[in-house]
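Trainee: I would like a close look at a single part of this protein, the sheet. Please go through how it is put together, and then place it among its surroundings.

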Amino acid sequence: MNYGVKMKKISLLGSTGSIGTQSLDVCRMHGYEVKCLTANSNVNLMENQVREFKPDLVCMMNEDAAKDLKTKIGDTSSKVVAGMDGLIECAVYGGADTVLNSVVGMVGLCPTLEAIKAKKTIALANKETLVAGGNLVTNLAKENSVSILPVDSEHSAIFQSMQGMPNKKAIKKIILTASGGPFFGKKINELENVTAADALKHPNWDMGAKITIDSATMMNKGLEFIEAKWLFDMPNDDIEIVVHRESVVHSAIVYQDNSMIAQLGVPDMRIPIQYALTYPERLPSPVSELSLADYGKLTFYEPDYDTFKCINVCKNAIELGGLHPAAANGANEESVRLFLNGKIKFTDIAYLNNEAMLNAPDVQDFTLDDVLKADRAARNYVIEAVK
């Protein structure tokens with residue numbers, strides 16, 4: 001049932017990941033047309049999605065996976081493409097009006113830029129787009145009169161809390177809430193020998209491995225700090241991070257009169273996903289209703305910046321500006337990969353990220369090519385440092 005809301009036609013980038021599969025839950029409930037699906041290499045799940053949603057176009061980033069999928073769905077009308085060219089083809093596909101970008105990592109930047117040029121509405125769950133692309137992305141969106149609707153729970157919460165006050169000057173500051181991850185309360189010396197299995201035990205959210213590690217290091221919150229700066233055009237000093245263990249208050253804003261408006265809900269990504277797809281309308285969702293009485297109490301703490309140094313890396317990166325955020329992000333993707341593969345310690349991640357970030361060239365007026373070069377250089381810096 002569409003409740004009178006215009007049914008958007010969606011190109012879903014990253015359909016087999018955590019955000020992607022939850023996005024399809026929303027599409028399934030409301031009967032949205034899914035015109036394109038993309039994934040990296042999960043052929044079996046993609047085959048199931050293709051058979052259910054019947055997209056016009058399907059992309060697998062892995063060339064061998066694309067060939068396998070083409071064989072498996074040869075009896076369908078869905079066209080299979082591959083690689084970055086295929087991903088971009090899905091992002092600009094004429095049959096879709098909204099691109100929901102839920103891919104993980106820097107791979108999401110180029111298709112977002114191309115989708116903006118094609119004047120698609122962007123529902124953005126790929127934080128690296130804004131972290132690395134910064135004003136390249138926001139300026140292009142303004143030039144093309146394209147809306148970027150946040151899907152991250154924190155940024156969606158801020159966006160929702162702003163709906164009652166269109167005058168941005170009325171906003172005093174943004175409060176980003178953080179779960180604190182699985183190592184809340186630990187000191188840095190206690191984290192020297194934690195394993196990837198330890199770090200993957202998130203208390204509240206079911207996410208992919210990379211994002212779960214980012215939550216454990218709190219790099220995720222640092223990246224969201226940068227993303228919030230670009231999404232909401234806020235000075236760095238007016239963005240505050242607060243640890244909220246229950247993940248019920250998803251974020252808040254403080255107005256000039258010191259009134260605080262927050263968005264609350266159970267920790268389920270389908271609420272922000274659905275709001276990005278139905279904005280400005282609200283529909284029934286597949287998510288259960290929040291019971292404050294069941295929680296009993298909600299707690300809030302200052303972050304431990306001495307232990308979770310990745311937050312500082314990101315704050316310093318956005319202060320330095322230019323290519324430094326792109327370098328911090330690229331270094332982190334490589335550091336997390338090395339940690340998951342048992343090549344470095346958990347505590348090495350922040351150190352390597354910081355060193356690679358500081359090594360970035362001081363270029364403030366940058367191009368997409370500059371961003372991609374800074375990303376590669378930061379990854380190589382981490383690899384060489386570990387060697």
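Mentor: What follows starts with the sheet, moves to one residue in it, and then turns to the cores and the aromatic rings.

The model is a predicted one. Seven strands make up an open sheet, and their pairing is parallel. Read across the sheet, the order is 4-3-2-1-5-6-7. Strand 4 (79-82) and strand 7 (148-150) are at the edges; each has a single partner strand, so one side of each has no neighbour in the sheet. On average, neighbouring strands of this sheet are turned by 20 degrees against each other, direction ignored. In general, strands of a sheet pair through backbone hydrogen bonds, either parallel or antiparallel.

For one pairing in detail, take strand 2 (residues 33-39) and strand 3 (residues 57-60), which run parallel and are joined by four bridges. Leu37 is placed opposite Val58 in strand 3.

Strand 5 (residues 98-101) contains Asn101. Is Asn101 buried or exposed? Its relative accessibility is 0%, and buried means under 20%, so Asn101 counts as buried. The side chain of Asn101 reaches the backbone nitrogen of Val103 at 3.2 Å. Leaving out residues up to four places away in sequence, Asn101 touches Leu13, Gly108, Thr112, Ala123, Leu124, Ala125, Asn126 and Thr129.

Now the nonpolar cores. The largest has 84 residues, and within it Ile174 and Phe346 touch the most other members. Not counting residues up to four places away in sequence, the contacts of Phe346 are Phe183, Leu191, Val194, Ala199, Ala216, Thr217 and Phe339. Another core, of 29 residues, lies apart from the largest one. Val103, the residue whose backbone nitrogen Asn101 reaches, is among the members of this other core, as are Leu130, Leu140 and Val146.

Last, the aromatic rings. The structure holds six aromatic pairs. One of them is formed by Tyr275 and Tyr279, which are edge-to-face, with 5.7 Å centre to centre and 75 degrees between the planes. Tyr275 has 7% relative accessibility and therefore counts as buried, whereas Tyr279, at 29%, counts as partly exposed. Together with Phe159, Tyr275 and Tyr279 form one aromatic cluster.

Notes
Residues numbered from 1 in each chain as written. Predicted model: local features only at pLDDT ≥ 70, side-chain atom pairs only at ≥ 80, totals over all residues. Heavy atoms only, no water. Pairing = 2+ DSSP bridges. Helix = DSSP H or I, 4+ residues; strand = E, 2+ residues; numbered from the N terminus. Axes fitted to C-alpha atoms, helices over the stretch in contact; angles between N-to-C directions. Core = buried A, V, L, I, M, F, W, Y, C linked by side-chain atoms within 4.5 Å. Buried < 20%, exposed > 50% of the residue type's maximum accessible area, 1.4 Å probe, protein only. Contact = heavy atoms within 4.5 Å. Polar contact = N/O pair within 3.5 Å; in protein donor to acceptor, adjacent residues only side chain to side chain. Phe/Tyr/Trp six-rings, centres within 6.5 Å; stacked < 30°, edge-to-face > 60°.
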